[in-house]
Amino acid sequence: MSRFERMRGRLRRAYESGRESARSGRADADATPGETGVASPAAPGPAASPAATVVGAQPPAAMHSSTVSRDDTEVPHALRIAAAWCWRLIVIGIVTWALLKIVGTISIVIIPLTVAMLLSALLAPAVGWLLKAHFPRSLATGVVLVGGLAAVIGTLTLVVNEFIQGVPELSEKSSQGVRQIQDWLKTGPLHLSDSQLNRYIDEAQNWINGNTERFTSGALSTAATLAEVLTGTVLVLFATFFFLRDGNNIWRFLVRLLPVAARWKVDDAGRASWATLGAYVRATVLVAFIDAVGIGIFLVIFDIPFAFPLAALVFLGAFIPIVGATLSGVVAVLVALVDSGPVTALIILGAVIGVQQVEGHVLQPLIMGRAVAIHPLAVIIGIAAGVVLAGIAGALVAVPLIAVLNTAVRRLAARTVPDTPPDAVVVASQAP
């Protein structure tokens, strides 16, 4: 055998030996998968398995399921959660600010539409009664709208006429009341002298003269907005008419714009919110009427002037919960103080407080019920925010808006499937 053949035989035996060792190593790895081996580049054999441990290598860093990179694991979990909440709240704040800016820009349209919705919720039952009497829908809506306008205009006419007739008498009573106050300041516990009274009167007169320009500019700006008021009034009338006549069709059109999977849920929340709005408005009107009658009876009994206008003021003020009733009651007490003295004023004050307590603890829970019950803190915050954003109109619509949003959010967050509409068509799928 030549030297070349002997060399080839040695290489073949070495190759066969390597293959045998590779087979045995693979078999050992399959037989004991839980054990870890050590891979060495000097020893012939297979590559290290995925579960193998390489000597001198660092173990991989543990990553949380919510992290996307190794850098995130260096940040504490609480800080990552806080940061996630912060940027989401920032996005919500920016969107809310943009919506408020848009609403403020088109407030001349938003406010009349909101008032029209409130009036529609109030007048909708009357339209329903006429429809049950087989009136055409347009005729029923027109009759209810014209009747409501006639009632409002008649009430305002009576109030204005009563004020005009009683202004001279009230002016005389006011002068007498001012003189009585001056005498009390002199002879009372303050013991003010004539010079001190004159100085305070002069300071008040100077303050009025210094602010005359601001008062005048405010009046001019109010006169400049007369066209906007007329435009808003016309828009309220038209919107109320079409809301009463075609409100259901308008709502269906808006719901059809949503994805199919969300239509039933949104429709259920919207109809529940509309029912809440109607219940709130009707209950508020009833409570305001009872307040006006209760306080008006005391004003008539004690022969306070402007009894009917003051009762009407109480009725209108009751539409602004808590704040409106308090302010209108204060006006009634001041008129009683000027006309009949402090004793009668205290009696009227007690009557106002008593009526408001009956309203808050008996009438509202009994008439409104839990469906539209709102915590007083939410009412105060809503009214304050409404005044800041939209003045008197914002204070009027703040509480109804909170009630509607409360119902809508509760319905949308509920894990129940809305009832199938009665006019829904269910198509059964055919098996292939």
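At what angle do H7 and helix H8 (residues 260–301) pack, and how far apart are their axes? The angle is about 145°, and the axes lie 10 Å apart. More on that pair below, after a look at the whole chain.

## The model and the overall fold

This is a predicted model, so a local feature needs pLDDT of at least 70 and side-chain atom pairs count only at pLDDT 80 or more, while totals for chains, interfaces and linings use all residues. Residues are numbered from 1 along each chain as its sequence is written, and side-chain values use heavy atoms, with hydrogens and water left out.

The chain has twelve helices and zero strands; helices (H or I, at least four residues) and strands (E, at least two) are DSSP runs, numbered from the N terminus. Along the sequence, that reads α-α-α-α-α-α-α-α-α-α-α-α.

## Surface and contacts across the chain

Of the 432 residues in the chain, 22% are buried. Here buried means under 20% relative accessible area, exposed means over 50%, and partly exposed is in between (1.4 Å probe, protein chains only). The accessible surface adds up to about 29800 Å², and carbon and sulfur atoms own 69% of that; the areas come from the Shrake-Rupley method with a 1.4 Å probe, and for residues only the protein chains shown count as cover.

What share of the contacts with a separation of 6 or more comes from residues 24 or more positions apart? That share is 65%, with a contact meaning heavy atoms within 4.5 Å.

## H3 against H7

Two packed helices are described by the angle between their axes and the distance between the axes. Helix H3 (residues 107–132) and helix H7 (residues 226–256) pack at about 40°, their axes 8 Å apart. That makes H3 oblique to H7. For the record, axes are lines fitted to C-alpha atoms, for helices over the stretch in contact, and angles run from 0 to 180 degrees between N-to-C directions. Angles under 35 degrees are called roughly parallel, over 145 roughly antiparallel, 65 to 115 roughly perpendicular, and the rest oblique.

The crossing of H3 and H7 is right-handed: the near helix is turned clockwise from the far one by less than a right angle, where anticlockwise would be left-handed. On the H3 side, the contact includes Ile108, Val109, Pro112, Leu113, Met117 and Leu123, and among the H7 partners are Leu235, Val236, Ala239, Phe243 and Leu244. By class, this contact has 16 nonpolar, three polar and one charged residues. Ala, Val, Leu, Ile, Met, Phe, Trp, Tyr, Cys and Pro count as nonpolar, Asp, Glu, Lys and Arg as charged, and the others, Gly among them, as polar.

## H8 and its two partners

Back to H7 and H8, whose crossing is right-handed. Asn248, Trp251, Arg252, Val255 and Arg256 in H7 meet Arg263, Val266, Asp267, Gly270 and Arg271 in H8. The class count here is three nonpolar, two polar and five charged residues.

H8 also packs on H12, at about 150° with the axes 8 Å apart, and this crossing is right-handed too. From H8, the contact draws on residues including Val266, Ala269, Ala272, Leu277 and Tyr280; from H12, Val399, Pro400, Ala403, Val404 and Leu412 are among them. The contact of H8 with H12 has eleven nonpolar, three polar and three charged residues.

## Two loop residues with positive phi

His134 sits in the loop between H3 and helix H4 (137–187). Its phi is near 70°, a positive value in a residue other than glycine, and with a relative accessible area of 73% His134 is exposed.

Asp303 lies in the loop between H8 and helix H9 (307–317). Asp303 is not a glycine, yet has a positive phi of about 55°; its relative accessible area of 63% makes it exposed.

## Three residues in the later helices

Gly329 belongs to helix H10 (residues 323–340) and is buried at 3% relative accessibility. Its C-alpha atom is 8.4 Å from that of Ile295, 34 residues away along the chain.

Leu349, in helix H11 (residues 342–368), is partly exposed at 36% relative accessibility. The C-alpha atoms of Leu349 and Val333 are separated by 5.8 Å, with their positions 16 residues apart along the chain. Ile392 of helix H12 (residues 376–413) is exposed at 65%, and its C-alpha atom is 9.2 Å from that of Ile320, 72 residues apart along the chain.
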